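The following exchange examines how structural terms are applied to a protein model. Each answer sets a computed value against the definition of the term.

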Amino acid sequence: MLRFSRQLHNSTRLCSQATGLKESLKAIIPKRKEEFLKLKKECMGTKVDDITIGSILSGMRGNRSMFWEGSMVDAQRGITFHGKTIEQCQRELPGDESGNFYPESMLWLLMTGEVPTKQQTKQLMEELAVRGSEANFPIATSRVIDSLPNDMHPMTQLAIGLASMNKVSRFASNYEKGLLNKNNYWEDTFEDTLNLISFLPILTGKIYSKITNDGKPLGKFSPTEDWSSNICSLMGMSNSTYSVNKNNFNASESKDFLSLMRLYTGIHADHEGGNVSAHTTHLVGSALSDPYLSYSSGIMGLAGPLHGLAAQEVVRFLVEMNGQISSPNQPDEIERYLWDLLNSKRVIPGYGHATLRKPDPRFTAMLKFTKDRKSEFENDKNVVLMQNLSSIAPKVLKAHGKCQNPYPNVDSASGILFHHYGLKESLFFTVIFGCSRSMGPLTQLVWDRIYGLPIERPKSVNMETLKLLSNSQ
Ligand code: AMX
């Protein structure tokens, strides 16, 4: 775990003047804003794509109609963050001894487009740990979460918790007092964004303790630990506390669980703008709703089975298949199982993608995590099945001939790795996804307000209009 030195910790204050990130952001805003305004002035009439009736009726697939800077998904290359692949991020961003970059360094990259130094990353870690401490955590949110039924879906609890934080929104409060103008909207949006991200470890821990421990705390927040360490500790997954609450966990595993948490939350931080959670955050934020309300709405989208819930489906699928085959090392039996599934008109969960046409590099990163820890995983038959499936399922799907992308997507691996470390509450996986995904969409919201993007308002069309349009061609 990363512990901050007392001296550095004490020198960090909650106020914005102390933040390296905000100062760095301020320094790059004028140039980026100048470029944006130039483009807006000179190229407003430039045509991008044709919109067809097909795209209107098919979820606007492929319509390039949103402005998003943090990341891009290319059909062949997969995700890049400000142009950097996951492998480049692993090489260039400050990270831990196991080779994973810290989510905090990803946040810095998303916000500024620049690779932070180790010192800047450490400063941001400290800042988040101070902002998100127990003393600063919104008391109203604690009360709201305590009052919810323990068996309420964890994503509903997360969305409610985030929305309730609107009570401490600087943007909402200063807007109401008439203190804001278009030029300074971004600053309070930035403050709320960093506060929201910093509050996630405690909020996540509270929700996890409700679903597993009748709301009794499973761990303690430490202002001298980084963001991922605090998420793990508050879920009871740290060295000191895990063994008290679960009986199959040891200290070395908890270190690996922390690595997994860093890897997972680092690579899920953004996936360009059109996915449901990112798009919703952007849309709601365009009405000048504060970051808490905007991201709470995004979380409600992430809770959908076609978006954030796939990882839990994969866990069920792998466990079920293992119950019906003699061994995960029997390719013939696996193939037969897959054909039975496809012939009964069901999909192979964890395979295919709306945009990608190659194996998802996020899956590749997770697979590497297991290969780097061979002795840890070689006896977990669910993980072995996940590994073997990644070479068998694409062959079967290609022969089946329907899907455009027969390769594994990220959800193929993520849930089963959490499961391996004792996190068996599959409904909770998406909450961790939600912690990670806060970074990209909220970073974009800060930039939306720096650039002064307007409220979003596409024109809708009815059946009569579509008929008229189709007859006129
Ligand atoms: N197994 C079997 N059939 C599949 C398939 C799979 N994994 N993926 C796609 N197909 C089928 C589709 O059902 C569709 O059949 P249809 O013509 O009878 O309706 C056909 O192949 C063409 O689909 P596509 O254009 O390749 O995919 P899509 O863009 O419509 O859907 C996705 C993409 C991810 C929803 C789909 O591949 C799927 O259902 N995969 C399994 C579920 C899954 O892994 N979801 C997680 C996605 C990752 C994420 O966003 N979190």
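The questions below concern a hairpin, a ligand site, two cavities and a pocket.

Q: What kind of model is this, and how are its residues numbered?
A: This is a predicted model, in which local features need pLDDT of at least 70, side-chain atom pairs count only at pLDDT 80 or more, and totals for chains, interfaces and linings use all residues. Residues are numbered from 1 along each chain as its sequence is written, and side-chain values use heavy atoms, with hydrogens and water left out.

Q: Why are S1 and S2 said to pair?
A: Two strands pair if DSSP finds at least two bridges between them. Strand S1 (residues 71–74) and strand S2 (residues 78–81) are joined over four bridges in the antiparallel sense, so the criterion is met. Strands here are DSSP runs of E with at least two residues, and helices are runs of H or I with at least four, numbered from the N terminus.

Q: Which residues of S2 are the bridge partners of valine 73 and aspartate 74?
A: Valine 73 has isoleucine 79 as its partner, and aspartate 74 has glycine 78. S1 and S2 form a hairpin, with three residues between them.

Q: What makes the two faces of S1 distinct?
A: Ser71 and Val73 make up the covered face of S1, whereas Met72 and Asp74 make up the uncovered one. In a regular strand, side chains alternate between the two faces of the sheet.

Q: Which residues come nearest to the ligand?
A: Of the 18 residues around the ligand, the nearest are Gly350, Tyr351, Lys402, Gln404 and Asp411. A residue counts as near if one of its heavy atoms lies within 4 Å of the molecule.

Q: Why is the approach of tyrosine 351 to the ligand called a polar contact?
A: A polar contact is a pair of N or O atoms within 3.5 Å; within protein, one must be able to donate a hydrogen and the other to accept it, and residues adjacent in sequence count only if both atoms are side-chain atoms. A backbone N or O atom of tyrosine 351 lies 2.8 Å from a nitrogen atom of the ligand, so the pair qualifies. Polar backbone atoms of isoleucine 348, at 2.9 Å, and of histidine 307, at 3.2 Å, also lie at such distances from a ligand nitrogen atom.

Q: What makes a space a cavity rather than a pocket?
A: On a 1 Å grid over the protein atoms alone, a cavity is a set of points where a 1.4 Å probe fits but cannot get out, while a pocket is an open set with protein on both sides within 12 Å along at least five of seven lines. Lining residues have an atom within 4 Å of a point. The structure holds two cavities of 30 Å³ or more.

Q: What lines the largest cavity?
A: The largest cavity, of about 40 Å³, is lined by Arg32, Glu69, Gly70, His82, Leu110, Thr443, Gln444 and Trp447. Helix H23 (residues 439–451) gives the most, with three residues.

Q: Which helix gives the largest share of the lining of the second largest cavity?
A: H6 does, with three residues. This cavity holds about 30 Å³.

Q: Which residues are closest to the centre of the second largest pocket?
A: The second largest pocket holds about 370 Å³ of space. Of its 20 lining residues, Ile86, Glu87, Gln90, Ala365 and Lys368 are closest to the centre. H18 supplies the largest share of the lining, five residues.

Conventions. Points joined across faces, edges and corners; volume = space filled by probe spheres on them. Buried < 20%, exposed > 50% of the residue type's maximum accessible area, 1.4 Å probe, protein only.
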